[in-house]
Amino acid sequence: MAPSVAAVLTVFAVVAALLAPLFVALPSGTCPAVCLTLPAVLLLLWVRRLRRRDAGTDRRVCVLVLGDIGRSPRMQYHALSLSRHGYRVSFVGFLGETKPHPDVMKEEKIRMISIAEVKAAGGPKLFAYAMKVVLQSVQLLWVLLRMEVQAHVLMQSCPGAVHPVPSSRYEHFFGPLATHHLCVTNAMKDDLQRNWGIKARTLYDRPASIFRETPLQLQHQLFVRLARTHPQFQGSEEDEESSAFTVREPTGGAVSLRTKRPALLLSSTSWTDALTEGPPCSSVLSVSTEYEGFIGGGAPLPDVVCVITGKGPQKEHYRKLMGALRLQHVKICTPWLEAEDYPLLLGSADLGVCLHKSSSGLDLPMKVVDMFGCCLPVCAIRFRCLEELVKHEENGLIFTDSAELAEQLKSLLSEFPRPDGRLAAFRRNLQTTRGQRWDENWDQNVLPLITNQG
C-alpha cells in the first residue's frame with residue numbers, strides 16, 4: 001500500500017519497464033534510451049503535481065489487481081472490508097469470464113474499473129515480454145492519472161518461481177518502496193526478507209463468514225435442487241423431495257441423513273493437465289478407477305459422489321473422459337454453482353480434495369481455507385509450505401501422487417459414516433480450533449495500517 005502516490009509510482013514503473021529490457025538487450029545503446037525517457041518522466045511528474053487532494057481523498061482507496069478480478073478472492077475480500085469501513089474503493093483489474101462475487105458487484109462504495117489484458121506479441125520472448133510490460137504500464141498509468149487522487153493503493157503481486165530479467169529487476173528495485181508489505185505465509189515472509197530485503201508481515205487467509213457448516217434443512221434443499229439437473233444427487237425413490245444423501249419424513253417434514261448414503265467429495269480445479277496421469281499431479285480419473293477397483297475387490301467402502309467445480313479450457317474434454325469410464329460406484333459431477341450455492345455445498349460435503357499446487361511454493365490455496373471454514377477435512381497435494389495450513393493427521397491428509405490419494409480415500413472412507421472414524425475426528429478438530437473469520441482478522445491487522453497512515 002502506498003499513500004497517494006499511485007501515479008508517481010506508476011510513472012516510475014513505466015520507466016523501469018522501458019529501461020530494463022533495453023539495458024538487457026542493448027547494453028551498448030542505453031544512453032539514447034535514457035535521453036528519450038527522462039523528458040517524458042519529467043513531463044508526467046509535472047502533470048502529477050497539478051493534481052491536488054480534496055476533502056474526500058482520505059476516504060478513497062484504489063485496489064489494484066494485474067489479473068482477473070473474478071479469480072482474485074483475496075482482493076475482493078479486501079475491497080469489501082474497505083467498503084464496510086466507509087472507504088470508497090476503485091477496483092482496477094481485468095474483468096474476464098469469472099464474475100466477481102455478487103456482494104462486490106452490488107456494493108455502492110465499490111467502483112469497478114476494467115483494464116484490458118495485454119497479450120504478448122510475437123517475436124523474441126524478451127522483446128515480446130518487454131512490449132507487454134510497457135503497454136500494460138502505459139494503460140495502467142492512464143487509468144490512475146484519470147482517477148481521483150487516492151489516499152492508498154492496495155496492490156497484489158503474485159509470487160513466481162521464475163521471473164524474466166526485466167520483471168525481476170523492476171520488482172527488486174520498486175518492491176521495497178511500498179509503505180507496507182503483507183504476505184500470506186511465513187515461507188513468503190522469509191523469502192521476501194532473504195532475497196528482496198523486504199520486511200513483511202504474515203497475514204494468513206481466513207474464511208469469510210459465509211463459509212460454515214450447512215444446517216441439515218439447507219443441505220436437503222440444496223441436494224433436491226441439484227438433483228433436478230444432476231442425476232448424481234437423485235435418490236432411489238421417485239420422490240422429488242428426496243436426494244441421494246437426505247430424506248424428508250412424510251409426516252412432520254423432518255429431514256435426516258440416509259444411513260446408507262454415498263460419501264460426498266468436493267474439489268475445485270481450473271481443468272488443466274493437472275488432472276492427467278503423472279506425478280506430482282493428482283489424477284481424478286485414475287483415483288476414481290482405483291477406488292472402483294477397491295470396491296470390486298471386496299473392500300467395504302461406500303459409493304462416492306465426486307463434485308468438481310471450476311472453469312477451464314479443457315473441462316468438456318475431461319467430462320467426456322469421465323463419462324467414458326462407466327463407473328458403478330463413483331459418480332462424478334461437474335455442476336455450475338451459483339455464488340451462494342458454493343459455500344452451502346462445501347458445508348454439506350464429507351471430504352475436500354485439493355489439487356492446487358503453488359508454482360512458487362510460497363502461496364496457499366484459498367479453497368482449502370474456505371473448506372476449513374466449513375469444518376471440512378481435506379486431502380491436499382504436497383508442496384512447500386502447505387504444512388502452514390494443512391496439518392497431516394490433524395485436519396486432513398497430505399498426498400504426493402494419485403496412488404497415495406487413492407489409498408487415503410480407502411482408509412478414510414472405510415469408516416464412513418461412523419462418528420468415531422478418522423474423518424469425523426478431523427472434523428471435530430476443525431470445529432474446536434476454529435479461528436478468526438476474515439472480517440475480524442482484517443480489522444485487527446490491516447485496518448490499523450490504513451487509518452494510522454492516513
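This is a conversation about two sheets in a predicted model.

Trainee: What makes S3-S2-S1-S4 an open sheet, and which are the edge strands?

Mentor: The 4 strands form an open sheet in that order with parallel pairing, and the edge strands are strand S3 (110-114) and strand S4 (152-156), each of which pairs on one side only. From one strand to the next, the twist averages 20 degrees.

Trainee: How do you know that strand S1 and S4 pair?

Mentor: Two strands pair if DSSP finds at least two bridges between them, and strand S1 (residues 60-68) is joined to S4 in the parallel sense over 5 bridges, so the pair meets that cut-off. As an instance to look up in the structure, leucine 64 has methionine 155 in S4 as its bridge partner.

Trainee: Which helix lies across S1, strand S2 and S3, and at what angle does that helix run to S1?

Mentor: Helix H5 (residues 125-146) lies across S1, strand S2 (88-94) and S3, and runs at about 155 degrees to S1. Because angles run from 0 to 180 degrees between N-to-C directions, a value of about 155 degrees is read on that scale.

Trainee: Why are S13 and S14 called paired strands?

Mentor: The definition asks for at least two bridges, and 4 bridges join strand S13 (residues 378-381) to S14, so the name applies to these strands, which run parallel. Within S14, isoleucine 398 is the bridge partner of alanine 380. The open sheet of 6 strands to which they belong has the order S11-S10-S9-S12-S13-S14, with strand S11 (330-333) and strand S14 (396-399) as its edge strands.

How values were computed: Residues numbered from 1 in each chain as written. Predicted model: local features only at pLDDT ≥ 70, side-chain atom pairs only at ≥ 80, totals over all residues. Heavy atoms only, no water. Helix = DSSP H or I, 4+ residues; strand = E, 2+ residues; numbered from the N terminus. Contact = heavy atoms within 4.5 Å.
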